[in-house]
Structure formats: structure tokens, C-alpha cells
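Good morning, colleagues. Thank you for making time for this short presentation. Please look at the sequence and the structure as they come up.

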Amino acid sequence: MASPTSVRFDSTVTERLHRFLSAHPGLSTSSATNLLVDESLRSHEHPSVIFRDGPAGRRARLAGGPDVWEVVAAVASARSAEPDLDAPAVLRLVEETSGVPERLIRAAIDYWTAYPAEIDEWVIRAQEEAGEAEQRWRRQQQLLGS
């Protein structure tokens, strides 16, 4: 449940907040402030995780790396493909195939364990979009007789 809190910002912070609001139509000052404070606290708890806007929306990313959901999906895929591997071997496999250093893979897993619903939602969304793209491609191939 939300509770009202009075906060006074320096004028430069207020200016930056208004620029953020301009770039994010539909957010109120209150919702944007809540979002940014929440993201800041999450980054404080998980120092390798930052938040960025993208075509699909705002999401957790690894500093200097891919989105958290991409790494979690890669770990799940590696585990599914190689169920007999132990945890260190799964981490090595993901590192070798993705180019993401193990420390960032571990950071993504740590973030996922704290916020699984958020990351799982991104993974499911990506899987659905990939499935839809494959269906379109198959229909095109069928129409073209390829």
C-alpha cells in the first residue's frame, strides 16, 4: 500500500525529473519518482544492475552487458539443453556461448532471485514474440513455396 511522503528536491534534481517526465509521457510526477527511487534502491542492492529504456520498455540491464532477462533465459536454456551439468559448468557454458562474464551472469541470477516475476515476464514476452515471428516466417515460406 502506498503511503504519502513529503520530499524536497534540489532545483537541479527537479529539473532532471521534469526532463525524465517529458521523455516518459503518461507518468505522473509521483509515479516517476516512485519508479526512480525503486530502481535506485534495486541498483543499490544489486550494483551490477541498471535500468534503461528501450523499444520494448524500461527494464533491468547489466552494467556493460545485456538485459538481465536475456542472461536468465540463456541460463535456463543451458540448463534445459544440458541437464547433467553442475552449476559451475552451466555458468561456464553460458559464459562461453554468450560472451557475458561469469560475474555478470551471477549478478543476473541474483537479481532474478530477488525479482523473479519481473524477469520471468520479460522472458515469456520474448518467447511469445519469437514464436509469432517464426509463424509469420513460416506463412511467408508457405505462400512463396520455399
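I shall go from the overall fold to the strands, and then to the surface and the charges.

Please bear in mind throughout that this is a predicted model. The chain contains six helices and two strands. In sequence order, two helices come before the two strands, and four helices come after them, giving the pattern α-α-β-β-α-α-α-α. The radius of gyration is 19 Å, whereas the globule rule gives 15 Å for 146 residues, so the chain is more spread out than a compact globule. As for its dimensions, the C-alpha trace covers about 60 × 45 × 30 Å along the principal axes.

Let me turn to the strands. Strand S1 runs over residues 49-52 and strand S2 over residues 59-62, and the two pair in the antiparallel sense through four bridges. Within this pairing, Ile-50 has Arg-61 of S2 as its bridge partner. Six residues lie between the strands of this hairpin, where Gly-57 adopts a positive phi near 125 degrees.

Next, burial and contacts. Buried residues make up 25% of the 146 in the chain. Among contacts with a separation of 6 or more, 39% join residues 24 or more positions apart.

Finally, the surface and the charges. The exposed area of the chain is about 10100 Å², and 54% of that area comes from carbon and sulfur atoms. The chain carries 16 positive and 22 negative charges, and the mean positions of these two sets lie 5 Å apart.

Thank you for your attention.

Terms used:
Residues numbered from 1 in each chain as written. Predicted model: local features only at pLDDT ≥ 70, side-chain atom pairs only at ≥ 80, totals over all residues. Heavy atoms only, no water. Rg over C-alpha atoms; globule rule 2.2 N^0.38 Å. Buried < 20%, exposed > 50% of the residue type's maximum accessible area, 1.4 Å probe, protein only. Contact = heavy atoms within 4.5 Å. Areas by Shrake-Rupley, 256 points an atom, 1.4 Å probe, with all protein chains shown as cover. Lys, Arg positive; Asp, Glu negative; His and termini not counted. Charge placed at Lys NZ, Arg CZ, Asp CG, Glu CD. Pairing = 2+ DSSP bridges.
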